[in-house]
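Student: I'd like a close look at one part of this model, namely how the helices pack, with a bit of context around it. Could you take me through it in one go?

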Protein chains: 4
Amino acid sequence: MEKTKIKIGIVGGTGYTGVELLRILASHPNADVVAITSRSESGLKVADLFPNLRGHYDGLAFSEPSVEVLNACDIVFFATPHGVAMEMTPSLIAAGVKVIDLAADFRIEDMPTWTQWYGLEHSCPDIMTQVAYGLPELFREEIKQAKVIANPGCYPTSILLGATPLLKAGLVSFDAVFADGKSGVSGAGRGAKVAMLGAEMSESFKAYGAAGHRHLPEMQEKFQKATGQAVDLTFVPHLVPMVRGMESSIYMTLTQDVSEAELQSVLEAAYQDEPFVDVMPLGSLPETRMVKGSNMCRIAVYRPAGGNKVVVSSVIDNLVKGAAGQAVQNMNILCDLPETTGLQQVALMP
Amino acid sequence: MEKTKIKIGIVGGTGYTGVELLRILASHPNADVVAITSRSESGLKVADLFPNLRGHYDGLAFSEPSVEVLNACDIVFFATPHGVAMEMTPSLIAAGVKVIDLAADFRIEDMPTWTQWYGLEHSCPDIMTQVAYGLPELFREEIKQAKVIANPGCYPTSILLGATPLLKAGLVSFDAVFADGKSGVSGAGRGAKVAMLGAEMSESFKAYGAAGHRHLPEMQEKFQKATGQAVDLTFVPHLVPMVRGMESSIYMTLTQDVSEAELQSVLEAAYQDEPFVDVMPLGSLPETRMVKGSNMCRIAVYRPAGGNKVVVSSVIDNLVKGAAGQAVQNMNILCDLPETTGLQQVALMP
Amino acid sequence: MEKTKIKIGIVGGTGYTGVELLRILASHPNADVVAITSRSESGLKVADLFPNLRGHYDGLAFSEPSVEVLNACDIVFFATPHGVAMEMTPSLIAAGVKVIDLAADFRIEDMPTWTQWYGLEHSCPDIMTQVAYGLPELFREEIKQAKVIANPGCYPTSILLGATPLLKAGLVSFDAVFADGKSGVSGAGRGAKVAMLGAEMSESFKAYGAAGHRHLPEMQEKFQKATGQAVDLTFVPHLVPMVRGMESSIYMTLTQDVSEAELQSVLEAAYQDEPFVDVMPLGSLPETRMVKGSNMCRIAVYRPAGGNKVVVSSVIDNLVKGAAGQAVQNMNILCDLPETTGLQQVALMP
Amino acid sequence: MEKTKIKIGIVGGTGYTGVELLRILASHPNADVVAITSRSESGLKVADLFPNLRGHYDGLAFSEPSVEVLNACDIVFFATPHGVAMEMTPSLIAAGVKVIDLAADFRIEDMPTWTQWYGLEHSCPDIMTQVAYGLPELFREEIKQAKVIANPGCYPTSILLGATPLLKAGLVSFDAVFADGKSGVSGAGRGAKVAMLGAEMSESFKAYGAAGHRHLPEMQEKFQKATGQAVDLTFVPHLVPMVRGMESSIYMTLTQDVSEAELQSVLEAAYQDEPFVDVMPLGSLPETRMVKGSNMCRIAVYRPAGGNKVVVSSVIDNLVKGAAGQAVQNMNILCDLPETTGLQQVALMP
């Protein structure tokens with residue numbers, strides 16, 4: 001059987017989501033990366049920047065962005081800073097290319113909100129109707145129809161997956177949801193910042209962004225979209241001294257007297273056919289290492305001491321299910337491939 | 001000026017609180033450690049077990065517990081597993097010795113609650129009237145009068161210090177307080193457990209004890225004692241891949257419309273004379289490395305997006321303010337020394 | 001095309017080499033793990049012990065070792081402590097099963113040496129003639145013919161690959177080779193030991209085994225076997241505060257005036273057809289993260305300041321090329337499969 | 001008894017050696033830091049840049065360098081990049097100020113060598129006669145007489161202390177000394193570099209600088225100065241995924257048949273009166289955590305398998321004995337204070 005090859009372009013790609021995309025695509029049977037662009041690194045072989053790729057992509061070098069080359073692709077991924085994808089996307093979709101943006105250009109439908117948090121005017125608000133929010137477990141049908149995928153933020157992925165089924169079922173209050181998120185440092189990207197030096201972040205833990213983080217409005221909008229109702233969400237992210245991994249503990253209040261087993265059932269039912277969401281057995285708790293390098297989200301639910309509060313713990317690898325893996329999952333959907341194609345790597349443990 | 005020396009005995013001391021106590025006492029001008037007991041390591045020099053102590057305590061070796069030696073001390077610290085201190089304390093206080101227990105034998109006044117969580121019958125419930133809960137910032141007067149100090153748990157130290165002033169001031173609701181705690185692995189002690197191996201805990205983050213943790217009833221009782229009112233507290237501890245340090249993010253709901261600046265003022269007023277609690281400036285957030293090796297607790301408060309929720313982030317070094325440092329602070333109070341004696345080490349950063 | 005399935009048994013498998021073997025075999029197209037034995041964990045599902053495997057091996061549980069089941073396998077891996085494989089191997093090979101031992105039972109041909117270092121009498125010295133030392137890059141032909149494979153130690157893998165070509169070429173002296181090895185903590189195994197606790201090994205670095213390490217006689221024998229001459233090797237291992245990865249810096253003295261470029265050529269020539277040894281370009285140096293999770297060994301060579309000394313730096317993932325990956329590479333050779341089958345995972349970076 | 005206060009100026013001080021100097025001086029009974037200069041951070045309080053200092057140095061802010069202020073100091077420390085101290089030192093010593101340079105401006109006496117490795121012309125070669133190399137254990141008498149102290153590099157400190165006694169005693173060959181050094185990432189400083197990001201250095205180990213490192217000529221010169229003979233030294237530094245700590249394994253060849261116990265005796269005799277060098281008991285090995293935050297160097301010696309090779313393992317905290325602590329030790333000597341003043345902190349373990 002001959003494999004259909006998907007012609008793939010990557011814009012940007014000198015950061016961590018870029019190298020992770022290349023790592024995953026290297027073992028994807030249908031992927032053919034035809035171009036990866038970078039103005040700053042043009043001419044450099046990808047394996048010279050990311051030596052883990054030595055022996056893979058031997059002919060592939062970063063190149064100047066070329067409209068001609070990108071227009072000839074089936075799929076173009078943007079692994080760029082915010083604001084780049086929106087400039088190039090309209091002409092790409094006009095040329096019949098499907099776009100998956102790993103940055104935030106298309107994550108928020110409400111334009112004033114987007115502008116408020118990202119400090120830019122959106123250059124193509126009119127194409128938002130062709131955009132789907134790329135969280136397949138909640139919005140698979142929209143993704144199938146879309147021309148542009150807004151690949152979700154890492155925190156939103158872990159928190160939306162953890163809390164949505166209980167909210168949708170009406171079992172927990174919409175008035176007070178607290179999400180305490182923790183991320184490994186790769187989430188901060190490959191930019192050289194003093195605060196992200198190994199000598200600064202190692203052996204330390206901190207909250208950040210308590211005054212407001214860009215993933216908050218994204219989650220507010222998508223919770224509402226998924227449940228039909230506004231959620232009063234408080235979100236504080238934290239930095240964990242590790243490279244990869246994200247855990248979110250979500251605190252909610254029951255609206256009725258349901259047992260832990262019933263809460264468990266609701267989550268299991270929601271994800272029973274999902275290959276990338278694993279509801280752990282009652283009584284267990286996920287660890288980020290259980291998903292390291294894999295596209296899985298693992299979830300557990302508790303009703304502490306039989307009270308009226310609920311705790312959900314949700315873990316992902318921020319670079320895989322929280323970024324590049326989910327992007328490939330979206331590509332598989334767009335290309336009508338089995339959704340797990342190229343994404344069945346087992347987590348690295350220990 | 002000749003320094004008054006305090007004759008100190010340490011029971012147990014082969015664990016992390018033991019070595020930390022020795023580290024701190026090594027630079028305490030009034031401390032004279034006359035005995036450190038350990039049945040399993042009797043005869044071994046302390047510096048052979050803990051080579052950081054080489055050059056200090058050169059004559060000191062672990063010894064079999066001796067009633068005679070301990071009775072001749074001014075202060076006896078218990079750095080033992082739960083259940084040991086309560087057996088030896090009555091005779092020690094009868095001999096005029098003051099006891100500081102770093103374990104949990106005296107932390108909970110309500111005996112049925114204690115038995116429920118620790119699985120033991122308490123052997124000396126009658127002496128609880130002579131016990132003070134050793135969190136000086138909340139219970140200093142009781143400590144001064146006490147014969148036995150229940151040195152607080154690490155999570156309770158960080159969470160009680162962070163939330164009590166706002167609760168006492170009536171600014172936040174008692175009906176829903178969520179405390180998301182994170183601890184470095186030294187909190188799990190020096191026992192050999194697979195789950196605490198470096199190869200297991202490194203590069204991973206997880207919640208644990210979501211079904212119930214022994215520090216929960218301790219906090220419930222002390223919040224009530226400090227505020228006069230029961231608090232509905234949800235507490236989930238987490239394990240951070242680092243050795244030392246603890247951060248607690250505490251989520252509360254405002255009962256009235258007070259500004260962030262007013263919340264800040266309440267905290268600053270509560271701790272203005274406290275040498276070991278530092279309310280950080282508005283807009284900043286503490287990091288655990290800012291207290292590593294020091295007896296400080298650093299706190300910040302936020303009212304995210306001007307809503308009706310409040311977030312407090314509170315950090316300590318779990319082995320210092322969360323254990324051995326606080327024990328020495330209590331010793332200073334009991335011995336009528338300046339409370340900061342021997343406790344002014346600057347945190348190690350980076 | 002139907003894939004030939006290899007019936008695989010794993011004896012032991014509750015340690016890190018066991019779970020790594022399962023991780024690798026999960027994506028091996030020809031592997032069919034029919035049994036994994038463990039006396040202590042019999043009845044437990046593998047995915048309950050190692051949750052990274054959830055969703056893979058769903059029917060597989062640890063079982064009591066059964067002669068019948070193991071005799072029906074094509075390949076049996078031993079991931080046991082030293083001394084187990086030698087008891088079971090003779091009957092297995094009599095039944096036509098090929099054995100790959102990840103422990104040390106067959107690594108040293110010289111029986112008195114083996115007994116001296118492992119403290120046991122060898123139970124089947126007579127089958128040593130059917131054993132090959134499983135370092136394919138040096139001993140591939142022997143492996144093809146063998147019934148039993150002694151999978152090499154992790155340090156020997158990195159050091160033999162790094163130094164052998166230069167020794168064989170006669171460019172460096174056999175009289176003084178210094179190998180300074182560094183390993184992540186997973187190399188110490190999954191046993192609960194105080195010294196391997198996260199709170200002990202994190203943020204610390206140390207030499208160990210300077211008086212003598214079991215991998216020394218293994219390397220001495222294999223250097224001699226590969227080069228025909230005895231090497232005076234000094235070897236000191238060190239423990240690095242990380243989970244996976246091994247680097248060896250090997251210091252040698254030139255016997256003649258050859259340039260760095262010539263040294264490079266010798267290494268490149270030696271490994272030009274090897275899929276799992278990557279000689280890095282002159283001027284670069286490997287990092288252990290460049291091979292994390294992959295079966296690669298990456299090597300660089302230097303002649304510092306043009307003097308008569310040579311330095312080789314060689315990195316592997318101690319659990320992959322240093323253990324489970326190399327074992328699967330040996331299985332591929334034994335089963336006449338392409339040697340890279342199931343082993344082309346890209347290293348996880350960052 | 002009134003304490004004599006030393007008026008101290010610090011030039012630079014926004015890096016890790018700067019904050020470490022402040023941490024140590026905070027508990028030095030004779031230290032009075034009157035100025036700390038930084039052009040880039042002028043006006044910023046030191047405790048705002050380094051929050052571990054909150055509650056200490058409350059009035060101290062970074063200021064523009066002022067000749068008047070610095071000339072009025074007793075001691076001026078330079079914690080600047082290379083090339084700054086040499087510009088300001090001549091006028092300072094003319095004003096009677098003693099200078100301790102934590103950078104490399106005065107570390108190498110041989111000016112062509114210095115220029116070759118640092119790429120600068122030296123601006124004040126004539127004052128080299130007033131400079132001492134600040135390794136007190138080897139050059140204490142010179143330090144007492146000097147006006148300028150070249151505070152040693154971190155690698156040289158650990159390696160010179162480890163190897164010099166055996167070389168001086170003539171027990172090991174000068175023809176082949178191999179020093180394999182390993183440093184925590186704080187050694188790379190507080191500059192924002194991609195390679196030093198937490199996401200890059202965590203969970204990885206690598207050699208660097210194999211082609212040549214600036215500490216090599218420094219060690220070559222000082223070995224010769226201390227022993228009277230040139231040493232053929234090969235030095236390869238490595239980066240360890242931890243913040244603080246440095247281990248050097250030094251490989252040498254015996255010139256005669258001396259026992260391990262005799263080697264031990266030579267080291268013990270060399271350091272018997274030294275408060276900051278601890279020769280560990282035969283059979284033990286130092287770990288970097290045994291010196292974390294302290295000014296100690298701990299050393300062990302081995303003669304593996306009774307052969308003709310010797311291994312010395314030497315550990316320091318690169319920021320203390322390898323930088324700021326040693327600088328304060330030198331200050332104590334210059335100011336005729338007991339050498340251990342303010343330097344008796346116990347290492348933080350765990």
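Student: To set the scene, what share of the contacts in chain A with a separation of 6 or more comes from residues 24 or more positions apart? After that, please zoom in on the helix packing.

Tutor: Keep in mind that this is a predicted model. The share you ask about is 71%: that is how much of the chain A contacts with a separation of 6 or more comes from residues 24 or more positions apart. Chain A has eleven helices and 14 strands, and 65% of its 350 residues are buried. Its C-alpha trace spans about 60 × 50 × 45 Å along the principal axes. The radius of gyration is 20 Å, which agrees with the value near 20 Å that a compact globule of 350 residues would have.

Now for the helices. Two packed helices are described by the angle between their axes and the distance between the axes. In chain A, take helix α1 (residues 16-26) and helix α11 (residues 320-334): their axes come within 9 Å and cross at roughly 50°. The two are therefore oblique to each other, and α1(A) passes α11(A) in a right-handed crossing. On the α1(A) side, the contact is made by A:T17, A:E20, A:L21, A:R23, A:I24 and A:L25. Facing them from α11(A) are A:V320, A:A323, A:A324, A:G325, A:A327, A:V328 and A:M331. Sorted by class, that contact has nine nonpolar, two polar and two charged residues. The spacing along each helix is worth a glance too. An α-helix has 3.6 residues a turn, so residues three or four places apart point the same way.

Chain C offers its own version of this pair. There, helix α1 (residues 16-25) and α11(C) have axes that come within 9 Å and cross at roughly 50°. That makes α1(C) oblique to α11(C), and the crossing is right-handed. The α1(C) residues in the contact are C:T17, C:E20, C:L21, C:R23, C:I24 and C:L25, and the α11(C) residues are C:V320, C:A323, C:A324, C:G325, C:A327, C:V328 and C:M331. By class, you get nine nonpolar, two polar and two charged residues.

Helix α11(C) (residues 320-334) also packs with helix α6 (residues 136-145) of chain C, at an angle of about 40° and with the axes 10 Å apart. That makes α6(C) oblique to α11(C), and α6(C) passes α11(C) in a right-handed crossing. From α6(C), the residues involved are C:P136, C:E137, C:R140, C:I143 and C:K144. They meet C:K321, C:Q326, C:Q329, C:N330, C:I333 and C:L334 in α11(C). The residues of this contact divide into four nonpolar, three polar and four charged.

For a look at what surrounds such a helix, go to chain D. Helix α1 (residues 16-26) of chain D is mostly covered, with nine of its eleven residues buried. Those are D:Y16, D:G18, D:V19, D:E20, D:L21, D:L22, D:R23, D:I24 and D:L25. Within chain D they pack against β1 (6-12), β2 (31-37), α2 (46-49), β4 (75-79) and α11 (320-334), and they also pack against α8 (198-201) of chain A.

A couple of single residues round out the picture. A:H215 lies in helix α9 (residues 215-227) of chain A and is buried, with a relative accessible area of 10%. Leaving aside its neighbours within four places in sequence, A:H215 is in contact with A:R107, A:G153, A:C154, A:Y155, A:P156 and A:F235. Over in strand β8 (residues 177-184) of chain C sits C:F178, which is buried with a relative accessible area of 1%. Beyond its neighbours within four places in sequence, C:F178 is in contact with C:T234, C:S249, C:I250 and C:Y251, and from chain D with D:F178, D:Y251, D:T253 and D:K309.

Last, some backbone details to check in your viewer. The peptide bond from C:M349 to C:P350 is cis, with omega about 10°, and C:P350 is in the segment after α11 of chain C. C:E203 has a positive phi, near 55°, in a residue other than glycine; C:E203 is in the loop between α8 (198-201) and β9 (206-207) of chain C and is buried, at 7% relative accessible area. D:A305 has a phi near 55° as well, but D:A305 is exposed, with a relative accessible area of 73%.

Terms used
Residues are numbered from 1 along each chain as its sequence is written. Chains are lettered from A and ligands numbered from 1 in the order in which they are written. This is a predicted model: local features need pLDDT of at least 70, side-chain atom pairs count only at pLDDT 80 or more; totals for chains, interfaces and linings use all residues. Side-chain values use heavy atoms; hydrogens and water are left out. Axes are lines fitted to C-alpha atoms, for helices over the stretch in contact, and angles run from 0 to 180 degrees between N-to-C directions. Helices (H or I, at least four residues) and strands (E, at least two) are DSSP runs, numbered from the N terminus. Angles under 35 degrees count as roughly parallel, over 145 as roughly antiparallel, 65 to 115 as roughly perpendicular and the rest as oblique. A crossing is left-handed if the near helix is turned anticlockwise from the far one by less than a right angle, and right-handed if clockwise. Contact means heavy atoms within 4.5 Å. Ala, Val, Leu, Ile, Met, Phe, Trp, Tyr, Cys and Pro count as nonpolar, Asp, Glu, Lys and Arg as charged, and the others, Gly among them, as polar. The radius of gyration is taken over C-alpha atoms; the globule rule is 2.2 Å times the number of residues to the power 0.38. Buried means under 20% relative accessible area, exposed over 50%, partly exposed in between (1.4 Å probe, protein chains only).
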